[in-house]
Amino acid sequence: MPSDLPSDARILVVDDHVEMGRMLQEPLADAGWTVDLATGGQEALGLIRSRVYDAVLTDLRMEKVDGLDVLAAAHAVDPELPVLLMTAFGGVESAVEAMRRGAYHYFTKPFRLDEVRLYLGRALEDRRLRAEHRALKQASQERSGLGALVGRSAPMRGLYELIDRVAHAAAPVLLRGESGSGKELVARALHFEGPRAPGPFVAVNCTALPGPLLESELFGHVKGAFTGATAVRRGLFVEAHGGTLFLDEIGDMPTELQARLLRVLEDGEVRAVGSDASRTVDVRVVAATHQDLEARVKEGRFRADLFYRLNVVTLRVPSLKERREDIPQLVEHFAARSRARNPRSRVTSLSPEVVAALGAMPWPGNVRELENLVERLVVLSPRETVTLEDLRPHAPVPEAASPLEQAQEGVWTLRKLEGEYIHWMVQHCGGNKTRAAELLGIDVSTIHRRERER
């Protein structure tokens, strides 16, 4: 078999002339492919519905169930399954109709076997490339879209619903939330879940650069616009054309730049520093801040008109302490990612006691702080399972009071005590609700119901 043809594929050959089918089956099998033979269209339909094929090679003219029926059945199972047809010269018109319906190629009898192998190889290679493209696209979406956001808590489910609704809008979005809560991940999800996903996603932190440099970074400059401007710079608005520009910590943007940003948002035009000409840009702006912008407006440190322009759609990103039930899932996610980055690490898991302790910590740095601590544990822990002994040198391990101890400090109803005890047991089991239900002697559905009631 030539080295440039894909191997390890399963092919279905369909022909109601048994000798013709066998004449094709043997050389295709010699080429390295697994080849099934159907001696008629009806048999082919059964095989297509019961087995997974990478390509179908079928005769066009067959009694009762012909090649067009086989084509339709194949695409009903898998719209991307390549179907190649064989026909006598008189059936070319029908073969062209089959191509219109999605057939990959057709051969006119008599044909050469090397031609069949060539086009089958091309069909299989095209199928492989499409599968790889889908996998890469899915991986990209998981890293950058909703798949990059971890958590099933009520605040996160509400956020997912809002992202899904807002992603397809054109209006600016203002993300509000504490530092480290994951605002950039939300901005990426808005971009990659919406129609601008094929375009660029460009991010800049407004606190990372002083005013003059930030102005040049955002709007670009012409050569000689200022000392050190030895070359033309396009600017991030131009780079983000057709996509999304994420302005992180916009509350710290200098007031003189706020006016320029407002003009871009209103006019859709950007002018480089030192230039007399404007350039039209198509950019969706997503801004983020942890600051109280209303207070900054009252103090005169943030323009009211810019605030109103940005505040068309506001999404609030919950802090980690508002979504503690997500901590076990976040820990598992960060541990897996850290192990991939540190293949020499011995760590394979974190003990339930460690996960419960992490769930009780205050986390002023939010998800970012949790991620950094988990990676530190994965890198430095000397054993396969991280224990409380491994955790104590890196973080204060709180002695969490049991629900009974907390209830003794006030007056709790039995229902509240029961609900808090169920929640405490789930944390104690590292988020494993099935194990918690076993220890409590209840059905896991009871845990889910009581969580919804909290």
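**Figure 1. The lining of the largest cavity is made of four nonpolar residues, two polar ones and one charged one.** This view, like the others, shows a predicted model. The residues to look for are Arg324, Ile327, Pro328, Val355, Ala356, Gly359 and Gln427. Helix 14 gives the largest share of this lining, three residues, and both helix 13 and helix 14 supply at least two residues each. The enclosed space has a volume of about 40 Å³. If you are hunting for further enclosed voids, note that a search of the whole structure turns up one cavity of 30 Å³ or more.

**Figure 2. The largest pocket holds about 910 Å³ of space.** Its lining counts 36 residues, and those nearest the pocket centre are Glu325, Asp326, Pro328, Gln329 and Gly431. Two or more lining residues come from each of helix 6 (154–166), helix 13 (327–341), strand 13 (349–350), helix 14 (352–360), helix 18 (414–428) and helix 20 (444–453). Which of these elements gives the largest share of the lining? That is helix 13, with seven residues. For anyone thinking about the chemistry of the walls, the lining divides into 14 charged, twelve polar and ten nonpolar residues. One residue links this view to the previous one: Pro328 is listed among the residues nearest the pocket centre and also lines the largest cavity.

**Figure 3. The second largest pocket has a volume of about 600 Å³.** Here 27 residues form the lining, with Ala148, Gly182, Leu185, Val367 and Glu371 closest to the centre. The elements that each contribute two or more residues are helix 5 (113–144), helix 7 (183–192), helix 13 and helix 15 (366–380). Sorted by class, the walls carry ten nonpolar, ten charged and seven polar residues. You have met helix 13 before: it gives seven residues to the lining of the largest pocket, and it belongs to the elements with two or more residues in this lining as well.

**Figure 4. Helix 6 runs for 13 residues and spans 18 Å from its first C-alpha to its last, close to the 18 Å expected at 1.5 Å a residue.** Its buried residues are Met156, Leu159, Tyr160, Ile163 and Val166. Viewed down the helix axis, these buried residues fall within an arc of 140°, so they line one face of helix 6. The spacing is worth keeping in mind: an α-helix has 3.6 residues a turn, so residues three or four places apart point the same way. On the other side of helix 6, Glu161 and Arg165 are exposed. What lies over the buried residues? The cover includes strand 6 (173–176), helix 7, strand 11 (284–289) and strand 12 (313–316). Helix 6 also gives two or more residues to the lining of the largest pocket, and helix 7 does likewise for the second largest pocket.

**Figure 5. Three backbone spots deserve a closer look: a cis peptide bond before Pro110 and positive phi values at Lys64 and Asn366.** The peptide bond from Lys109 to Pro110 is cis, with omega near -5°, and Pro110 sits in the loop between strand 5 (105–108) and helix 5. Lys64 has a phi of about 65° although it is not a glycine. This lysine, Lys64, lies in the loop between strand 3 (55–59) and helix 3 (67–77). For Asn366, again a residue other than glycine, phi is near 60°, and the residue is found in helix 15. Are the two residues with positive phi buried or exposed? Lys64 is exposed, at 84% relative accessible area, whereas Asn366 is buried, at 0%.

**Figure 6. Ala225 and Ser275 come to 7.9 Å of each other, C-alpha to C-alpha, although 50 residues separate them in sequence.** Ala225 belongs to the loop between helix 8 (211–219) and helix 9 (236–239). With residues up to four places away in sequence set aside, Ala225 touches Val273 and Gly274. How exposed is Ala225? Its relative accessible area is 30%, which makes Ala225 partly exposed.

Key
Residues are numbered from 1 along each chain as its sequence is written. This is a predicted model: local features need pLDDT of at least 70, side-chain atom pairs count only at pLDDT 80 or more; totals for chains, interfaces and linings use all residues. Side-chain values use heavy atoms; hydrogens and water are left out. On a 1 Å grid over the protein atoms alone, a cavity is a set of points where a 1.4 Å probe fits but cannot get out, and a pocket is an open set with protein on both sides within 12 Å along at least five of seven lines; lining residues have an atom within 4 Å of a point. Grid points are joined across faces, edges and corners, and a volume is the space filled by probe spheres set on the points. Helices (H or I, at least four residues) and strands (E, at least two) are DSSP runs, numbered from the N terminus. Ala, Val, Leu, Ile, Met, Phe, Trp, Tyr, Cys and Pro count as nonpolar, Asp, Glu, Lys and Arg as charged, and the others, Gly among them, as polar. The expected span of a helix is 1.5 Å times one less than its number of residues. Buried means under 20% relative accessible area, exposed over 50%, partly exposed in between (1.4 Å probe, protein chains only). The arc is that of the directions from the helix axis to the C-beta atoms. Contact means heavy atoms within 4.5 Å.
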